[in-house]
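User: I'm new to reading structures and keep tripping over the vocabulary. Could you walk me through why the labels here are what they are?

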Amino acid sequence: MADIELRSVEKWFGDTQVVKGVDLTVDKGEFIIFVGPSGCGKSTLLRMIAGLEEISRGEVWVAGRNATAEPASKRGLAMVFQSYALYPHMSVRDNIGFSLKTAGTPKAELERKVDEAAQVLKLDALLDRRPRELSGGQRQRVAIGRCIVRDPTAFLFDEPLSNLDAALRVEMRYEIAKLHRSLGATMIYVTHDQVEAMTLADRIVVLNEGEISQVGTPRELYRRPENLFVAQFIGSPRMNILACTAEDGHFRLEGGGSGEFEGSGTPARLGIRPEHISVCAPGEGECAGEIDVVEYLGADTFLVVDCAGLGPLTVRAPGDTQFVPGARVGLAFEADKRHFFDQSGRRLDS
């Protein structure tokens, strides 16, 4: 059953179209993440779902009804912003229960809901503190608690972790993942951080220039990107992309190197992820080059190999492997992990 459905949704600012006919169905209890570069339209799309941004064309359906013309207050959605937006003079308890108090909720019910939300978010011991006495992660949990007590149809998150330091971001990712499991609620989450998207989402919506490039599970997007944009946006380090041609069942890399190509269509680019390249002796594998940079990260070592006409390639190797800058090496690509794309950037099956 769909909790939220977008039907040919568009957004124009004057003569500029920033969201271009988006169709999407979000099932009940699903965790959907909008991801993409700055300016791709992800936050604008979220605000249109919330009712905070007017829709130029198309429809938004919430819980089986057309909510396009409804104000934000009538849609039954709760939004967590990048800014915590807490009342500094109120306690945690009062901040969480403020929306219920203004709605005239009986005191006993208000206290019960606040206590339940505080227990879920591990804020029990902090209910009498003021926001200034809390860490950034605790403040964000209070903002989430303020949404939980409203029992919304869906939670909307607009880059909620971007104001936190690296350690707190990791901690809050765990908290949000556990919250989704415990509540079983529908969640739509906006981020530019593909690590957040990969670790949290049931499905990821990759947006580029106001359009959906691909929708799928993190595994689907990583293993079978439908176009060059998704191939290079999902994955860290990013996928290596090499210019190539094909003839008589073989591909040839521009600048040297070749191999078998069993797919249909005419490939113009070959993609290979860093972990799917193995280091071998020069003269073996698809290409060769000189190690330019060695980055030791403990469990992994990343190599940047200058392959002359092919350009630099990034290779992920085991952390305990010894490499020396300046050494010449061959690079072999795993045959079943190669990705081919045509001149327009669309994936070719192989």
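Analyst: Sure! Helix α4 (residues 136–148) lies across β6 and β7 (154–158), and it runs at about 175° to β6. Keep in mind that this is a predicted model.

User: What makes the direction of α4 relative to β6 roughly antiparallel?

Analyst: Angles over 145 degrees count as roughly antiparallel. The α4 angle to β6 is about 175°, so the label is roughly antiparallel. Try helix α5 (residues 166–183) too: it lies across β3 (31–35), β7 and β8 (186–191), at about 160° to β8. That angle is also over 145, so α5 gets the label roughly antiparallel to β8.

User: And which strands stand at the edges of the sheet, and why?

Analyst: The open sheet has 6 strands in the order β6-β7-β8-β3-β9-β10, with mixed pairing. β6 (77–80) and β10 each have a single partner strand, so one side of each has no neighbour in the sheet. From one strand to the next, the twist averages 20°.

User: How do you know that β9 and β10 pair?

Analyst: Pairing takes at least two bridges. Strand β9 (residues 203–208) is joined to β10 by 5 bridges, so they count as paired, and they run antiparallel. Val206 sits opposite Gln214 in β10.

User: Why is Ser213 called buried?

Analyst: The cut-off for buried is under 20% relative accessible area. Ser213 has 18%, so it's buried. Ser213 is in strand β10 (residues 211–216). Leaving aside neighbours within four places in sequence, its contacts are Val206, Asn208, Asn227, Phe229 and Val230.

User: What makes helix α1 mostly covered?

Analyst: Count the buried residues: 7 of the 9 in α1 (residues 42–50). They are Lys42, Thr44, Leu45, Leu46, Met48, Ile49 and Ala50. Just after α1, Gly51 has a positive phi of about 90°.

User: Last one: why is α2 called oblique to α3?

Analyst: Two packed helices are described by the angle between their axes and the distance between the axes. Helix α2 (residues 92–102) and helix α3 (residues 107–120) pack at about 135°, with axes 10 Å apart. Roughly perpendicular stops at 115 and roughly antiparallel needs over 145. The angle falls between those, so α2 is oblique to α3. The crossing is right-handed.

User: Which residues meet there?

Analyst: On the α2 side, Arg93, Ile96, Gly97, Leu100 and Lys101 meet Leu110, Lys113, Val114 and Asp115 in α3. By class, this contact has 4 nonpolar, 1 polar and 4 charged residues.

Technical notes:
Residues are numbered from 1 along each chain as its sequence is written. This is a predicted model: local features need pLDDT of at least 70, side-chain atom pairs count only at pLDDT 80 or more; totals for chains, interfaces and linings use all residues. Side-chain values use heavy atoms; hydrogens and water are left out. Axes are lines fitted to C-alpha atoms, for helices over the stretch in contact, and angles run from 0 to 180 degrees between N-to-C directions. Helices (H or I, at least four residues) and strands (E, at least two) are DSSP runs, numbered from the N terminus. Angles under 35 degrees count as roughly parallel, over 145 as roughly antiparallel, 65 to 115 as roughly perpendicular and the rest as oblique. A crossing is left-handed if the near helix is turned anticlockwise from the far one by less than a right angle, and right-handed if clockwise. Contact means heavy atoms within 4.5 Å. Ala, Val, Leu, Ile, Met, Phe, Trp, Tyr, Cys and Pro count as nonpolar, Asp, Glu, Lys and Arg as charged, and the others, Gly among them, as polar. Buried means under 20% relative accessible area, exposed over 50%, partly exposed in between (1.4 Å probe, protein chains only).
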